[in-house]
Each structure stands twice: as C-alpha cells, then as structure tokens.
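Reader: I am a first-year student, and I would like a close look at a single part of this structure, explained slowly. Could you take one bond between two cysteines as the starting point and then work outwards from there?

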Amino acid sequence: ASLSESPSAAAGSPFVRRGFPGLLGLSDNDARTMKPHASPMSGMKFGFMARHLLVLLILHCSHDARSGCGLVRIGAAVSLGRNWQNSGFFQGEPAASAPPSSMPTLALAVDAVSMTRNMQNAGGFEGLHMMPMPAAVAGDAVSFAHSMQTGFEGQPFASAPFTGVIDGQSPVAAMFPASFPTSTAFAPAPAAMPPLAPAAAPNEPAPPTPPPIVLPIVQPGECSCEPAPPVCHVSKLAVREDHSGPIGMTLFDVTSLYGTDILSELQKEQVQMALVSETSFMCLDDRVEEPSLGTPGGDLGEFVLALSSYLQERGQGRIDGPNFTQSEVDSIFEEYLGSLPPSRPLVHCTDDAALRHLQDELPVEDLDLRRPPDHAKELGLLQKLTEVNNHGDSHVRLMLDKPEWFQLQENLVPMVLTSYYTNLWRQYQDSSSPLYTMPKLRLNILSGHRDPKAFFEVSSGGFCHKQGLAPLLTPRHRGNEKSVLVSHLDAVSLRRQEHAAFFRTIANSGPRKIDVERLHQRLDRHGWLALETTGGQMASGLPFYTLMYS
C-alpha cells in the first residue's frame, strides 16, 4: 500500500525510466541520496515486499502500456525477487503461508498473472506496444508471473538466474533503496544482501533471442485443461452358450476359468484390450500361445478374401472369369505391405508337421523357412509352398484344396502364397529391400497337435468397439489342457473396412471405381462364409460360446 501511495504514483505520472529507483516512483535526486543497505531494512521481510512490489508493478503498468512503464523494469524486479528467493530471502516459504492482511489477495495475484500473459500474447513483450526489450527478460517476467500464481497456491517459487544488469544500466544492487520505510508486518531479513552477478562487457555479443513464450490465457476460476477421453476398462463378461457339444468345455468350465458378470482381478489379467488398427490377426488355431485376435487364415487369409472380393467387383474374380496374373498380385501385395504400420506385421501360420513334410519332399535338413539356403530354392521350394500338404494352417489348406467352397479362383491362393514367401525372403536375406530394415511380414510356426475344447466368438461392448478396441485372448495356456479356438468377428469387420478403403485406392488408378461400403459388405459376407466353412471343419462336435467383454 505504501508503494502505491508514493508521490509519482499518486500524481499518475509515468515511472522514471532510469534504473530500479524508477520502479519505486523515486526521482533521480532521490536515488542519489540513497544509502547502501543498512539497518532500516532489517525489519523487513524481503519475500513479502517483493511479492507486493511485483503485483503492484504489473497492475500499474496495465493501466497505460504507453506511459513509459517499460517491462524491463518488471524484468528487473522479477530477477531480483528470484535472486532473493534463491539466496534464502523468501526463506523457502510459499506465498500462501503469509497472513491475508499482509499480502494481496489470491484473485489479485491471478489477475496480475493473467494480465501479464495477455500483454505477452498481444505482442507487448515483443516491443510492439512498449519499449523494446530483450526477449529473455520478457520471458523472465512471464515465467515468474506464472511461478507467482503457483506460489500463491502454496507451491515454492521457481528459481531463475539473475544477471545483475538491466538494459545496460548499472547493477540493481547499487540502485536498491536502502531508505525504504519499515513495517512491522515484515519479519527480519538476513544480515547481508546476496551477491549479484557482474555486468556483461559492453562489446560482448548479445545472446541469441529465444522464441517467444506463448501461454494460454486463463481467467480466474477457469480450467485450461480439456477432459481426457473415456478409457475402456474391462470389468464384466457375459457368456452365452450357443451350441452344446458331446465333448469339450461345459458352461461351468468356461465361467469358472474366464468369469461371468463381475470379473475377478485374475480374470481381468487374462484379457487385454488392444486397438484393432495396430494389432495383427492370428490364425484360427488352438495352438496359438499369445494374446491375439483370431480369424481364419490370419492376416494372410483376410488379404486373400479382400483381393478375391475386389476382383469380383471388377468382374475378374469369378471362378469362371478371366485369370489374374502373378505380376498383378505381386504389385498389389507389395503396395499393401507398404500401407501397413510397423507395429502390425502381416501374419501367416504354418506348423512343425508341415515343415517336416516339406523337408522330406525337397529333401533338405534343418530348413529355415525365413532364410532358406539357395540350394533349397533351386530344388523348387517356392512351388512346394503352394501345395496343400506343406501348410499347417487349416484355413489355407482348405482354400488350396477346395477353392470353390470359398468362391475363389483356383490359382489365386497359390499366387498370394508366392508373393508372401518371395517378400519374406527379401525381408530376411536381401539387405537392399525396404523390408530388410522395416519388417512387415511374420511367419508363425505352431508346435504340437490340435486339440480344441471349445469355440469362442469374442467381442467387446459397444463403448469399447466404437473406440476401435477388441479383447485379446490366449487360445492355449501352457500347463492348461483346455485350449480353445478364438474368433473375433466384430473386430475383423473393422479390418475389412480398412481393406475396402485400400482397394478403393487401387481401383482409383483405373477406369472402374468401386464403392467402399458395398465392398465392405461383400467382405463381411464372404468372411461369414469362410468362418462357417473352416470353423465347421475345425470345430465339429465342439460347444460354441459367445463372450462379450464390457
């Protein structure tokens, strides 16, 4: 209060533009008569004085930005206040701990901070509306104003260095008024002032100007945060028995292992929610030992389905229609690989029994399908990989053996397999291929024998599904004999929607366009057919359950 009632402030005159005395409304003559730091200051607590001073300075400047109240002065007060705080003059005490009668109210402090941000956003700190000033000092003022706000909320002030030189003038220590009036409201100060940094040399190059600090304008009582989007946390499971079977898991077995209604913590750990757009689809097989999404044939089976439906849209995919060429399949397959995110490699499954059969046919020992030796390729490995008995995925075997069951051209699946393995070998053996440094293909070789005990159709509630999330389940747990076949019909429809958009892009390069929604519906229909055909073969006699996580 004593500062705001000084003669120059009462008269409404601008602050003196010469050093720190001008900040206090003192004349040059008053400044010359000031004595060094002495006993009158010993009865003051610098922390509260600096806080009073900074708030009043900012508010006074806000009345008339052109009146000569240069923000260099605010920078001086800010830096000095920080220097005091760093040296213990604030004694580590948050501003909010002071008695209400001895400091500005919280609203006043917040108003000062908001006003300072407004001035900075309007360009005042850039010298557009006020006297030019170094950006570092301006940033110092803004930063300290922000720390004042947190200080009034009971948090310690932020620390910052003080150079001791303001706008090329003499050090603040030489200008500080030792005759400032005392007040009983302040506690005793330390015995000595903290040392100030030496002035910079006159010809020393100025440091580079940092980018301007842009802070959001926050009004008192407002929140600048946007609410976080809701998150899908699985807590419930609804289990429905669609078809009972003479063998396999009973409804009691399923609910005991996976839960029903409210899930226990152990049951929650058995399911993981994942974004379908970032997750590969594993094959429909009870020997998969990792949390996964399942569909017949995995990612490769879905690609065959999408390519066949796309060709039918173009009039080329009918069983009795014109054939597609290997080069055309290679081109589309490679373009599709380029569209995949690195976190989602295209998965194809086989098993160790098919691998042993392939080794016997070539013959080759210790065959590595990812890095086959040249002599294995020369023996016709690629051709052998298009034959039914050399595949361990039941869906791929059925498509090779009975393509008409899936409305496929006879040569389509062999051509896709040729493209897959050609690119797989490039990924692992050709250092010049983009796939070598950014893999996009995964071959999953399953072990053991199939022995599923149930068929699960797994989905998530509407809230999670709308976020593109699906529950991952592990078909086989080691040490648990009750392995299952897991299908994610709802989740794979999201992938088919993505495939429809991809093939629309392919079609746009030609004269005949396709409708995305129509192609998506065709993919879902063909997917139902594939699941019914392959699932009926693999899960014959097994009970069927629907699991809905929410």
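Author: Let us begin with the bond between C283 and C349, where the torsion about the S-S bond is about -90°, so this disulfide is left-handed. The model is a predicted one, and in it the sulfur atoms of C283 and C349 lie 2.2 Å apart, which is within the 2.5 Å that a pair of cysteine sulfur atoms needs in order to count as a disulfide. A disulfide is a covalent bond between the sulfur atoms of two cysteines.

It helps to ask where the two partners sit along the chain. C283 belongs to the loop between β4 (281-282) and β5 (293-294), while C349 belongs to strand β6 (residues 346-351), and the pair therefore links distant parts of the chain, 66 residues apart. Both ends are covered: C283 has a relative accessible area of 4% and is buried, and C349, at 1% relative accessibility, counts as buried too.

The structure holds two disulfides, and the other one is worth setting beside this one. C232 and C464 form it, with their sulfur atoms 1.7 Å apart. Here the torsion about the S-S bond is about 80°, so the disulfide of C232 and C464 is right-handed, whereas that of C283 and C349 is left-handed. C232 lies in the loop between α8 (172-175) and β1 (236-243), and C464 lies in helix α19 (residues 462-466), so this pair ties together parts that are 232 residues apart in sequence. C232 is buried, with a relative accessible area of 8%, and C464 is buried as well, with a relative accessible area of 4%.

Pairs of aromatic rings also link parts of the chain, and a search of the whole structure finds eleven aromatic pairs. In one of them, the rings of F303 and F333 have their centres 5.3 Å apart and their planes at 85°, so the pair is edge-to-face, since an angle over 60 degrees falls in that class. F303 is in helix α11 (residues 298-313) and F333 in helix α12 (residues 326-339), so that distant parts of the chain, 30 residues apart, are linked by the pair. Both F303 and F333 are buried. Ring pairs also join F303 and F333 with Y310, Y336, F502 and F503 into a cluster.

Helix α11, which holds F303, deserves a closer look of its own. Its 16 residues should span 22 Å at 1.5 Å a residue, and its end C-alpha atoms are 23 Å apart, which agrees. The helix is mostly covered, with 16 of its 16 residues buried, and just after α11 the residue G315 takes a positive phi of about 85°.

A further ring pair shows another arrangement. The rings of F455 and F544 have their centres 4.7 Å apart and their planes at 25°, so this pair is stacked. F455 lies in strand β8 (residues 455-460) and F544 in strand β11 (residues 544-549), so the pair ties together parts that are 89 residues apart in sequence. The two partners differ in how covered they are, for F455 counts as buried at 4% relative accessibility, while F544 is partly exposed, with a relative accessible area of 26%.

Notes. Residues numbered from 1 in each chain as written. Predicted model: local features only at pLDDT ≥ 70, side-chain atom pairs only at ≥ 80, totals over all residues. Heavy atoms only, no water. Phe/Tyr/Trp six-rings, centres within 6.5 Å; stacked < 30°, edge-to-face > 60°. Helix = DSSP H or I, 4+ residues; strand = E, 2+ residues; numbered from the N terminus. Buried < 20%, exposed > 50% of the residue type's maximum accessible area, 1.4 Å probe, protein only. Expected span 1.5 Å × (residues − 1).
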